[in-house]
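The following report describes a predicted model of a complex. It treats confidence, the contact between chains and the packing of selected helices in turn.

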Amino acid sequence: MNALPFLQHFIVLPILLPLLAGALLIPVKQSRYTLKFALSVTNTVLLWLLAAALLVMADGGYWPDGIGVYLAANWPAPFGIALLVDRLTALMLLLTATIALAVLVFSAKRWDRVGIQFHTLFQFLLMGLNGAFLTNDLFNLFVFFEVMLAASYGLVLHGYNLQRIRAGMQYIAINLVASFLFLIGVALIYAASGTLNLTDLGMRVALLGTEDTWLLAIGVTTLGLAFLTKGAMWPLGFWLPGTYASASAPVAAMLVLMTKVGVYAVLRVWMTVFGDGAGALAGFGFTALTIGGMATLFFGAVGMLASQDGGRMAGYGAIISSGTLLAVIGLAGGPVLASGLYYLLGSTLAMAAFMLLVELTDRIRPPGAALIAITMEAFAIEDKPEDPVGQGIPGTLAFLGLSFAACALVISGMPPLSGFVAKFSLFHALLDILPTDGRIPGLTWGFIALVIVGGLAAIIALMRLGVRIFWASGDIAPPRLQFTEAAPITALVTFCVLLTVQAGPVFDYLDRTVAGLTQTSTYGERVLQEPAVTRMPRQEAE
Amino acid sequence: MEIVIALAVGVMFGSGIWLILRPRTFQLITGLLLMSYAVNIFIFAMGRLSVDRPPITLSPDIDPSQFADPLPQALVLTAIVIGFATTALYLVIMIGARGLTGSDHVDGKEPRE
């Protein structure tokens, strides 16, 4: 009898835990805030610990090659759905759990009360996110994308007001169409290759005939369009700034994470399917990704300069970050990708903190308060939640100003925080790859120039916003903040600082991640040869 | 048969695209529905079209070319369910928007004359 070791089940838990927690939260009455909050936070803390454990297991040699495989329902790959944990997955899970925890704590005092079932939807969103990171099956990826999106539709409309409905309608319509593209892409890939397991697909690409090769290329491109809509590549990302600016602060912070899912999916699929072992299709579409990413970067920079309010500015900031990452994937090479992932970590944390911060700075100016009052009235909740401006913490303005400055430094990539380290190492890695003729291609120079221009645009826009909020608004009464609102932002900023201080170990980890990613053959061995649990029929065992 | 299916998918998807670019929510939802039908038939067709072939058999020694591919049928079922659910969700939001804005325009307000 060869039973599955207990620790192996850790792989499926990041999907199961939020599902169960979300289901448990549904029957709890809306008026029992504390219970709902406690359940939700406990589960998210568990998820964080799980993600940390998976990261240690993937990096610490628990599995050969740092790749853990879980065969759902015990069907061997490629017939069943395989879940896969490698260093990249573990890292993304940890990032998700970190931001989710911060966002939940932030929403403790008000946001989870302006509408119903905030925590349920939040847990389902986490389930979708974790599932999308874990799965190694394209159709299963579609299912998790839909879980994530369905939850996000509800969350975008959380605190139902006119502005959110308008933005939500467009957000949902665009994502429904993107889902159709996703399905078409998956169907074409299946028609061409006869498999939906991503690793298996990567193995088969080189063996396909000419016709099937083309069908596959069209299929993956269609699939890519769906991912890039989520990742907001220009010209597919026009929905993003409006949606971000109108969503409530905690939801907007989670949306930042969702654009990264699109980027992650592109990275996974392209690295696996169009890597070096892909025969005729090796390197397919990478240049298009670079150029698209650069256009996105430019669009984001211009948009950031043009936007007036913080929410919209943060939306364009997310677009800049997506664009940079897509271009980096396009220019893929080992060390470049590691710097790109480092950039992803820092910028996602800072963007999430910034989204939360924008909401707090809005309280400095009276109009924000009026808007929230209308929201609450429109929703007509049974008992009015206590005012968020209760006890308050001292030194509010100093705290807001410092956090704002830290976020601005990371987002724009100025020294001394992690944004600078990321960009510096990115340039260093880009200029380090010497092509055969010894000359660095124009595309690389163009990308470097655009990243610098993007950083400049970001710092100008953020400085203007900062000056307007903190200095130019005349006599401002410092808003009173709850501890639960200040702590998550502090934590996220501290993580950015830690990333900078511990850049060495983090880069070592990322180098190992990328080294593992580029070896597609090990994935083939690990996933396709993962043995199913064999259990003897009961009468024989007795 | 191929040409009929291809035409059906093409016409439905094309009409869907035209409809989702229209300004009224009813046109939008009809367009989305048409597109989802087209996509479902497309997935089904990707398992190769065949007539009178059962998809599942228990016997291990068979000629697979005599059987239909069961996987796209499973996929299309999932896609139909998910498509229905998300479209229903969208319908609810549309009703909410209609109630809140008093207009069935996708921008939530009537265009200026």
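Helices in this report are DSSP runs of H or I with at least four residues, numbered from the N terminus. By that assignment, α6(A) is followed by A:Gly194, a residue with a positive phi, near 75°.

**Confidence**

For the complex, the predictor gives an ipTM of 0.92 and a pTM of 0.90. Chain B has an average pLDDT of 86, and 97% of its residues score at least 70. Within chain B, helix α1 (residues 2–20) has the highest confidence, at a mean of 94, whereas helix α3 (residues 70–101) has the lowest, at 87.

**Contact between the chains**

On the side of chain B, 26 residues are in contact with 22 residues of chain A. The elements of chain B that contribute two or more residues to this side are α2 (25–45) and α3. The largest share, 14 residues, comes from α3(B). By class, the side of chain B that touches chain A comprises 19 nonpolar residues, six polar and one charged.

**Helices of chain A**

The table sets out two helices of chain A.

| Helix | Residues | End-to-end C-alpha distance | Expected span | Buried residues |
|---|---|---|---|---|
| α3(A) | 20 residues (87–106) | 29 Å | 28 Å | 18 of 20 |
| α6(A) | 32 residues (162–193) | 46 Å | 46 Å | 28 of 32 |

In α6(A), the distance between the end C-alpha atoms agrees with the span expected at 1.5 Å a residue. For α3(A), the reach from the first C-alpha to the last is close to the expected value. Since 18 of its 20 residues are buried, α3(A) is largely enclosed by the rest of the structure. Helix α6(A) is likewise mostly covered.

How are α5(A) and α6(A) packed, and at what angle? Helix α5 (residues 138–156) of chain A packs against α6(A) at about 175°, and the two axes lie 10 Å apart. Because angles over 145 degrees count as roughly antiparallel, α5(A) is roughly antiparallel to α6(A). From α5(A), the residues making the contact include A:Phe139, A:Phe142, A:Phe145, A:Glu146 and A:Tyr153. Those from α6(A) include A:Arg164, A:Gly168, A:Tyr171, A:Asn175, A:Phe182 and A:Ile189. Taken by class, this contact has 14 nonpolar residues, three polar and two charged.

Key. Residues numbered from 1 in each chain as written. Chains lettered and ligands numbered in written order. Predicted model: local features only at pLDDT ≥ 70, side-chain atom pairs only at ≥ 80, totals over all residues. pLDDT = per-residue confidence, 0-100. Contact = placed C-beta atoms within 7 Å. Nonpolar A, V, L, I, M, F, W, Y, C, P; charged D, E, K, R; others polar. Axes fitted to C-alpha atoms, helices over the stretch in contact; angles between N-to-C directions. Parallel < 35°, antiparallel > 145°, perpendicular 65-115°, else oblique. Expected span 1.5 Å × (residues − 1). Buried ≥ 20, exposed ≤ 12 C-beta atoms within 10 Å, placed from the backbone.
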